[in-house]
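Me: Could you take a close look at a single part of this model, a place where helices pack against each other, and then set that part against the rest of the chain? I would prefer one connected account to a list.

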Amino acid sequence: MASPRESKGSTKIADPAPVERKSQRTRNSTRPPPAPKNGREFDPHAFLATIGEGRKAILFPKKQTIFAQGEAADAVLYLQTGKVRLTAVSKVVKEATFGILSDGSFFGEGSLAGQPFRMSSTTAMTDCAVLRIEKKAMMDALHREHTLSDLFVAYLLTRNIRYEEDLVDQLFNSSEKRLARVLLMLAHFGKEGVPETVVPKVSQETLAEMVGTTRSRVSFFMNRFRKLGFINYAGGSEGGLQVHSSLLNIVLHD
């Protein structure tokens, strides 16, 4: 006997819920993974180009001291643009230049290894744009962002190789070859990108300190390089120096 709520010819309709649940599962399975919390991946170059928590941009005019030997080491600095000279003073008050940094260089990183005071001084050779990163902010970023730590470690390894090459150069090569190598490095020969046409003015006293020889020997070799067409003095107010790739002949010649 038919139910009083059903007519004799009625057809039972299937429950639509399972179809709806299946459709919902299909939509969930094709949904893209969630985006990073900040909406984009971390960019180490953007981090080093912008200010933020623990990061401050500072402009240093030419010849201004960035930090002095003996000051508290509480931050890492990143040279965005410009050139910086590294010097140290001995107990007998003799100053020596042991390096020149250019765009994209870190310095003052000894603070990350527990160095309490600066072991050297840094001076702007040109107008410089510097990003000052507090020690804690840099440590946190290196632990949190692998791309930044990879970039930082790669820079430190490259510079360590450079220091080893400097030592070998000092031990085994003549002062003429050492001077040629310094000039080529200042012009960025052998590095990625286009070498600089004119490098900022560097005194012969500074070059002598970097090479480990006397000013008179530097003057003698600079005059020789100029006569051979390896270098030219740019002149003008800046008095820069033009270094040609042919100077490599001095370095490669036995």
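Reply: What follows begins with the model as a whole, turns to one pair of helices, and ends with a few other places in the chain.

This is a predicted model, and its confidence should be read before its geometry. The mean pLDDT of the protein is 84, with 78% of the residues at 70 or more. Two stretches call for caution. Over residues 6-11 the pLDDT stays under 50, and the model gives this stretch 0 contacts beyond four places in sequence. Residues 25-35 also have a pLDDT below 50, and there the model has 1 contact beyond near neighbours in sequence. The protein contains 8 helices and 11 strands, and 35% of its 254 residues are buried. Of the contacts with a separation of 6 or more, 71% join residues that are 24 or more positions apart.

The part chosen for the close look is the pairing of helix α6, residues 204-211, with helix α7, residues 215-227. Two packed helices are described by the angle between their axes and by the distance between those axes. Here the axes come within 8 Å of each other and cross at roughly 105°. Since angles of 65 to 115 degrees count as roughly perpendicular, that crossing makes α6 roughly perpendicular to α7. On the α6 side the contact is made by Gln204, Glu205, Leu207 and Ala208, and on the α7 side by Arg215, Val218, Ser219 and Met222. Sorted by class, this contact comprises 4 nonpolar, 2 polar and 2 charged residues.

How far is each of these helices covered? In α6, 6 of the 8 residues are buried, so this helix is largely enclosed by the rest of the structure. The buried residues of α6 are Gln204, Thr206, Leu207, Ala208, Met210 and Val211; among them, Gln204, Leu207 and Ala208 also belong to the contact with α7. Just after α6 comes Gly212, with a positive phi of about 85°.

In α7, the buried residues are Val218, Ser219, Phe221, Met222 and Phe225, and Val218, Ser219 and Met222 are also part of the contact with α6. The length of α7 agrees with expectation, because its 13 residues should span 18 Å at 1.5 Å a residue and its end C-alpha atoms are 18 Å apart. As with α6, a glycine with positive phi comes after this helix: α7 is followed by Gly229, whose phi is near 85°.

Helix α4 offers another view of how a helix is covered in this model. This helix, residues 146-172, has 27 residues and reaches 39 Å from its first C-alpha to its last, close to the 39 Å expected at 1.5 Å a residue. Its buried residues are Leu148, Ser149, Phe152, Tyr155, Arg159 and Asp169, and what covers them includes the helices α2, α3 and α5 together with the strands β5 and β6. Thr147, also in α4, counts as partly exposed at 39% relative accessibility. Leaving out residues up to four places away in sequence, Thr147 touches Phe42 and Pro44, and its C-alpha atom is separated by 7.6 Å from that of Asp43, although the two residues are 104 residues apart along the chain.

The strands supply further pairings across the chain. Cys128 lies in strand β8, residues 128-134, and is buried, with a relative accessible area of 3%. Its contacts beyond four places in sequence are with Ile58, Leu59, Phe60, Leu79, Thr81, Gly82, Lys83 and Val84. The C-alpha atoms of Cys128 and Pro61 are separated by 6.3 Å, with their positions 67 residues apart along the chain. Ala57, placed in strand β1, is partly exposed at 47% relative accessible area and touches Ile51, Val130 and Leu131, once residues up to four places away are not counted. The C-alpha atoms of Ala57 and Val130, which are 73 residues apart along the chain, are separated by 5.8 Å.

A last detail concerns the loop between β1 and β2, where Lys63 is found. Lys63 has a phi near 75°, a positive value in a residue other than glycine, and this lysine is exposed, with a relative accessible area of 67%.

Terms used
Residues are numbered from 1 along each chain as its sequence is written. This is a predicted model: local features need pLDDT of at least 70, side-chain atom pairs count only at pLDDT 80 or more; totals for chains, interfaces and linings use all residues. Side-chain values use heavy atoms; hydrogens and water are left out. Axes are lines fitted to C-alpha atoms, for helices over the stretch in contact, and angles run from 0 to 180 degrees between N-to-C directions. Helices (H or I, at least four residues) and strands (E, at least two) are DSSP runs, numbered from the N terminus. Angles under 35 degrees count as roughly parallel, over 145 as roughly antiparallel, 65 to 115 as roughly perpendicular and the rest as oblique. Contact means heavy atoms within 4.5 Å. Ala, Val, Leu, Ile, Met, Phe, Trp, Tyr, Cys and Pro count as nonpolar, Asp, Glu, Lys and Arg as charged, and the others, Gly among them, as polar. Buried means under 20% relative accessible area, exposed over 50%, partly exposed in between (1.4 Å probe, protein chains only). The expected span of a helix is 1.5 Å times one less than its number of residues. pLDDT is the predictor's confidence in each residue, from 0 to 100.
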